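Trainee: Could we go through this model together, one question at a time?
Mentor: Happily; let's bring it up on the screen.

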Amino acid sequence: RLPSCLLALPGITDTTMELYQAAAAAVVIAIVYLLMAVFKGKKKMDRATQAMLESRTACTGEVEAQIASLSNTLNTVPVLEEEATCAEQIRQIVQQSHLKYDALVSDPVALLRATRHVDTEHGALYTRYTVQYNLYAGTVVALGSDEQRAKLFATQTAGTLGCFAFTECGAGVMSGAGVETEAVYDPQRDCFTIHSATPTARKTWISQGGYAEYAVILANLIMPGKDGGEPEKKGPHIFWSRIATREDVSSLERPVPEKGVTVDMLPTKTSLPGLDNAYISFDHFEVPRAALLSRFSGVDDNGAYVTNFPAGAKRMLDVLLSRLLTGRICLSEFTTGYAQMLLRRQWEYAGTRELWRGRKPEGPKMNTMPLIEGGMTDLVRGLHVVQTFIAQTREVVGQAIKGDVFPNELVEVRAFVGRGLGLGLGSGLGLLGACFVNVTSNFQHG
């Protein structure tokens, strides 16, 4: 309680007294916390933890050499904040074939392994990389026939860009089950008509959608009914088609959409200005029968719907979920890799930052402070646990894709890795930034 002499002073009301009491309590709590931090003992940055912080995975073998070349390029190109020039950056990276599309057939986990080597601050280019190699090309490789794969491989030398037309206004991105876009098969003309059947069927926030010439399009497959009956809905499927054409390949202008395709740009964003995000809608857009990615399901020459689902999958939607899983792994590994880079940078700075020296010739370094050293140690160790789990998950997913199997546990781990270790960890880095890493100050560049 406050002393009676203070309470007797003029102007001291009950409300003021409560504020003084709260302030006094806060000071006491802070002192107790600091004393606990001092007397509970220092947590040292031991050699094992230091090795975790400084570790970088080595690249060996032919595919690993391609990974090293790709990641080195992504880490060293300048950060550009214009959509057109940033799109040209990823186009040149694709043309240079640092990582060949056909490597994703023999070693489907190669792309996922590449992500852990990338710690670029060029977020727009990194997003284009994951869209181009994983969501776009990776989907064609995973779900396309041998003929469709060969057609994709032939586009790499031209640097043809693609996008992943998956998310819609009326559906969440995590499931993929709420698609409203329709693809109706016409047996007379042997083609599909892709149509945004409702206003909320418009594809939304499609990264690289403004500069993409091709797209993998998620749509509900509808087949004609038997004997003139009601049309049969076969659920979500993936179609691969050209959606725009570059009239002048030397120009940085956006390609011109095909007939039946409308591409609108989202309003200017406050971050990643070098990345174009688009709305894409379809108005009775006709594509050939061969546009349906047909490794696991398709329409045969007789116009019949046929399936060849991998072990563990009972419907095409189960297979489609694998595309979301690989995307979440890329997101998670990049997030943890970038976090490790930030921690490494800040620990190096803390080792050179001299604190108040008083009358001594040299003051203590920041990394000797118990809270700094203990906090960094906890962060490095915790991050290493997360990285180990994601690496194990990555290898399991790679084997599943290579063996054309889709066990149920992969469906469960998709949500956990995506939300808990990708999106959730990204939010946690905000707290990390507030406590230890101020990436916009001199602390970053010390």
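Trainee: Is Tyr126 buried or exposed?
Mentor: The cut-offs come first: buried means under 20% relative accessible area, exposed means over 50%, and partly exposed lies in between, with a 1.4 Å probe and protein chains only. Tyr126 has 5% relative accessibility, so this residue counts as buried.

Trainee: Before we go on, what should I know about the model itself?
Mentor: It is a predicted model, in which local features need pLDDT of at least 70, side-chain atom pairs count only at pLDDT 80 or more, and totals for chains, interfaces and linings use all residues. Residues are numbered from 1 along each chain as its sequence is written, and side-chain values use heavy atoms, with hydrogens and water left out.

Trainee: Which helix holds Tyr126, and which residues is Tyr126 in contact with?
Mentor: Helices here are DSSP runs (H or I, at least four residues), strands are E runs of at least two, and both are numbered from the N terminus. By that count, Tyr126 belongs to helix 8. Contact means heavy atoms within 4.5 Å. Leaving aside neighbours within four places in sequence, the partners of Tyr126 are Thr115, Val118, Thr120, Cys330, Leu331 and Phe334.

Trainee: Which element gives the most residues to the largest nonpolar core?
Mentor: A nonpolar core is a set of buried Ala, Val, Leu, Ile, Met, Phe, Trp, Tyr and Cys residues joined through side-chain atoms within 4.5 Å. The largest one has 61 residues, and Tyr129, Tyr133, Leu143, Leu152 and Trp240 have the most contacts inside it. With 13 residues, the top contributor to this core is helix 8.

Trainee: What does Tyr129 touch, beyond its neighbours within four places in sequence?
Mentor: Helix 5 supplies Ile90 to the contact between helix 5 and helix 8, while helix 8 supplies Tyr129. With those close neighbours in sequence set aside, the full set for Tyr129 is Leu70, Leu74, Ile90, Leu111, Ala114, Thr115 and Asn134.

Trainee: At what angle do helix 5 and helix 8 pack, and what is that arrangement called?
Mentor: Axes are lines fitted to C-alpha atoms, for helices over the stretch in contact, and angles run from 0 to 180 degrees between N-to-C directions. Helix 5 (residues 83-95) and helix 8 (residues 123-143) have axes 10 Å apart and pack at about 45°. That makes helix 5 oblique to helix 8, since under 35 degrees is roughly parallel, over 145 roughly antiparallel, 65 to 115 roughly perpendicular, and the rest oblique.

Trainee: How are helix 8 and helix 9 oriented to each other?
Mentor: Their axes come within 8 Å and cross at roughly 150°. Helix 8 and helix 9 are therefore roughly antiparallel.

Trainee: Which residues make that contact between helix 8 and helix 9?
Mentor: Helix 8 brings Tyr136, Ala137, Val140 and Val141. From helix 9 come Gln148, Arg149, Leu152 and Phe153.

Trainee: Where is Thr160, and what is its relative accessible area?
Mentor: Thr160 sits in the loop between helix 9 (146-153) and strand 1 (162-165). Not counting residues up to four places away in sequence, Thr160 touches Tyr101, Gln132, Thr155, Glu213 and Tyr214. Thr160 is buried, and its relative accessible area is 9%.
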